[in-house]
Each structure stands twice: as structure tokens, then as C-alpha cells.
Amino acid sequence: MAGQLYSSLTEEEKLGNFMHRISNGEKIEADDWMPDDYRLTLIKLISMHGISEIMGALPEKEWVPKAPTLKRKLGIMAKVQDEMGHGQLLLRVAEDLMLPLSKSREHIMEDLFTGKLKFHNVFHMEAPTWGDAGLIGWLVDGAAIITQTNMLGSSYGPYARALKRICAEEVFHAQHGEAIIMALAEGTEKQREMVQDAVNRWWEALLMFFGPADARATGTSKQDITIKYKIRTKTNEELRQDFFSKYVPRILSLGLTIPDPTLGYSEETGWTYKQPDWSRFKEIISNSGPKSAERLSLRRDAYQSSQWVRDALSVQAN
């Protein structure tokens, strides 16, 4: 009866009811009515997040055979396994949203390979030293935690529940990376230089991680839509400021320097800093980064070589 009454409502009435629900803190589920732009924004956001988890495992995967000790090898192997699991979980959440559009995970992968679906800029970058492997866990995963905890209260229930598990595991990843960095920072001069070089190499990419402060100059801002629908609560710049507040003191406490002489803080303005090259950011996420082609090729080869598994499961399901 409730479904019949709901179907009799106008689109405007449905939207009003939807906004009332999320304003009251209710969770939207996959089979609930939702506005088209809410569904499409979630598909894009969660697909990008899921693919980024999978692509993000690749730079650290390179260090599994090269980790300096067995303990470090086991630690980074476990982290890679977790990241792949996060990706699979998120793509499953995205798939449920795509069902009414007659799309599936295969469409997500096609969009990745054709460049339609982007993944985080940081995972296009090189990781040439063990210091880079540690920094990815410490600062890249740290940035991810800041972003993802901001969406733990997301209005979309399946995403919020998936993030609860993911964030809990990401905390261990960040601690794993911090342990590597601490050991190197307290080690030999060469090891300390390795960490400083990694910070210098990754700083701009870390700033870019949160996205431009205001994308409205180039069209509809995704952050406006996600805040409007309570998918998240903070803007890109607010998240970046949170990152500075949490990690700048920690970086400096290790005797490291930050490659930005303009970086500073005041109660009135918050953190001020040199803006990254946002034109370069667009190039990187358009698959023109240092490792974009290589990592996409690796992902494509893995996807094609496992086609027989998907075919077998499809036959079994039918």
C-alpha cells in the first residue's frame, strides 16, 4: 500500500520527501526512490573510490618482493590484500546503484580503460624507494582517512556501512606506513634523506588529493552536489585544511622539511600554502601521469586474463 501511495506522488513531491528524509538523518537504501543526480553522483563517486582502492594497491605491490625484511614484506602484502578487498566491496555497492540503468561492473571497467572513469591522482605517481612505500601508507592513506571519515554519516546507507569497515582498516594502514617512516627517520643519514626525498616528491600530489577548492568555474561542482545531498559534509578545501592541521606538525616533528616556504598558519586565515599546478592535476587524472599507462595496462591484462572466471560464474548462475 505504501508503495502504491508513493508511486502516485509527483516528482516534486518525491524529491521533497527525499530531502526531508536525509535532513532527518535517515539512510537511503539501494531500492529506495532517489533523484537521478543523486544516483549518478553516487555511481561516479563510489566507482572512482573503488577503482582507486584497486589502482592504489599497485604502487605498493611493486614493493612486496623488495621489502627490506620478512616482517615488512608480510605487512605490505596484507595491506595490498586489504586494498583490493576494499575495491571489490565498493564496486559491489556501485553495482546495486547501476542495476536500474542496466549496467554492471563490466561497464565500470570499460569506463576505466577508456578513460571515462578517473582514479585518484596519487596512484598515477611513481614509488621508486622504500621511503615512498612508507609515505603512501602514512600520508596518502592518512589523506584518504580524512576524506572517508567525512562520509561515514553519508545519506546513502550502503556506502556509509562499507566506509565503516574500510576506515577501520585504513587506520592500520596509516600506522603501518608511519612505522616505516619512523624507522627510516631515526635511521642513517641516507635513510633520512630517502624520507625527505619522498616528502618532496609527493607533497604536490598530496595537496591535489582533495581536489580543487572550487570547481564551479568549470561547471557544476561535484562537492556542491555531495554536500547538498549529505553524502559528505566538508568541502575540498576544508578537508585539505584538516590534513595540514593533522600532518604538518607530525612531519616537522621528525626533523623533515616541507617543500613550500609559503606554508603557514594563522587563526584568521587558517593554513596558507602554495597552490599546486591544477592544470597538471587534470593531465594526471586524464591518464597522463608518470605511471598511468603502465598501471592501466597491468589492470587491463589482469582483467582480461580472468575473463574465464567471470564466464564460468555467469554460466553457473544461469
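Trainee: Which residues does Trp-203 touch, not counting residues up to four places away in sequence?

Mentor: In this predicted model, Trp-203 touches Phe-243, Phe-244, Val-248, Ile-251, Ile-258, Pro-259, Asp-260 and Leu-263. Trp-203 also belongs to the largest nonpolar core, which has 86 residues, and there Tyr-156, Trp-203 and Phe-243 touch the most other members. Helix α3, residues 36-61, gives the most to this core, with 11 residues.

Trainee: Why is Phe-243 called buried?

Mentor: Buried means under 20% relative accessible area, and Phe-243 has 1% relative accessibility, so Phe-243 counts as buried.

Trainee: What makes Phe-18 and Trp-33 an edge-to-face pair?

Mentor: Rings pair if their centres lie within 6.5 Å, and planes over 60 degrees apart count as edge-to-face. The centres of Phe-18 and Trp-33 are 6.1 Å apart and their planes make an angle of 75°, which fits both conditions, so the pair is edge-to-face. This pair links distant parts of the chain, with Phe-18 in helix α2 (residues 11-23) and Trp-33 in the loop between α2 and α3, 15 residues apart.

Trainee: Why are Phe-18 and Trp-33 described as buried or partly exposed?

Mentor: The cut-off for buried is under 20%; Phe-18, at 1% relative accessibility, therefore counts as buried, whereas Trp-33, at 23%, counts as partly exposed.

Trainee: And why is the pair of Phe-210 and Phe-243 called tilted?

Mentor: The distance of 5.7 Å centre to centre is within the 6.5 Å limit, and the angle of 55° is neither under 30 nor over 60 degrees, so Phe-210 and Phe-243 count as a tilted pair. Phe-210 lies in the loop between α8 (189-208) and α9 (222-228), while Phe-243 is in helix α10 (residues 236-253), 33 residues apart. Phe-210 has 6% relative accessibility and therefore counts as buried. Both rings belong to a cluster linked by ring pairs, whose members include Trp-138, Trp-203 and Tyr-273.

Trainee: How do you know that Thr-129 caps the N-terminal end of α6?

Mentor: A side-chain oxygen of Thr-129 lies 3.2 Å from the backbone nitrogen of Gly-131, and a polar contact needs such atoms within 3.5 Å, so the distance meets that cut-off. Helix α6, residues 130-149, has 20 residues and reaches 28 Å from its first C-alpha to its last, close to the 28 Å expected. There is nevertheless a kink of about 35° in α6, centred on Ile-136.

Trainee: What makes α6 mostly covered?

Mentor: Of the 20 residues of α6, 19 are buried.

Definitions and conventions
Residues are numbered from 1 along each chain as its sequence is written. This is a predicted model: local features need pLDDT of at least 70, side-chain atom pairs count only at pLDDT 80 or more; totals for chains, interfaces and linings use all residues. Side-chain values use heavy atoms; hydrogens and water are left out. Helices (H or I, at least four residues) and strands (E, at least two) are DSSP runs, numbered from the N terminus. The expected span of a helix is 1.5 Å times one less than its number of residues. The bend at a residue is the angle between axes fitted to the seven residues ending there and the seven starting there. Buried means under 20% relative accessible area, exposed over 50%, partly exposed in between (1.4 Å probe, protein chains only). A polar contact is a pair of N or O atoms within 3.5 Å; within protein, one must be able to donate a hydrogen and the other to accept it, and residues adjacent in sequence count only if both atoms are side-chain atoms. A nonpolar core is a set of buried Ala, Val, Leu, Ile, Met, Phe, Trp, Tyr and Cys residues joined through side-chain atoms within 4.5 Å. Contact means heavy atoms within 4.5 Å. Rings of Phe, Tyr and Trp (its six-membered ring) pair if their centres lie within 6.5 Å; planes under 30 degrees apart count as stacked, over 60 as edge-to-face and the rest as tilted.
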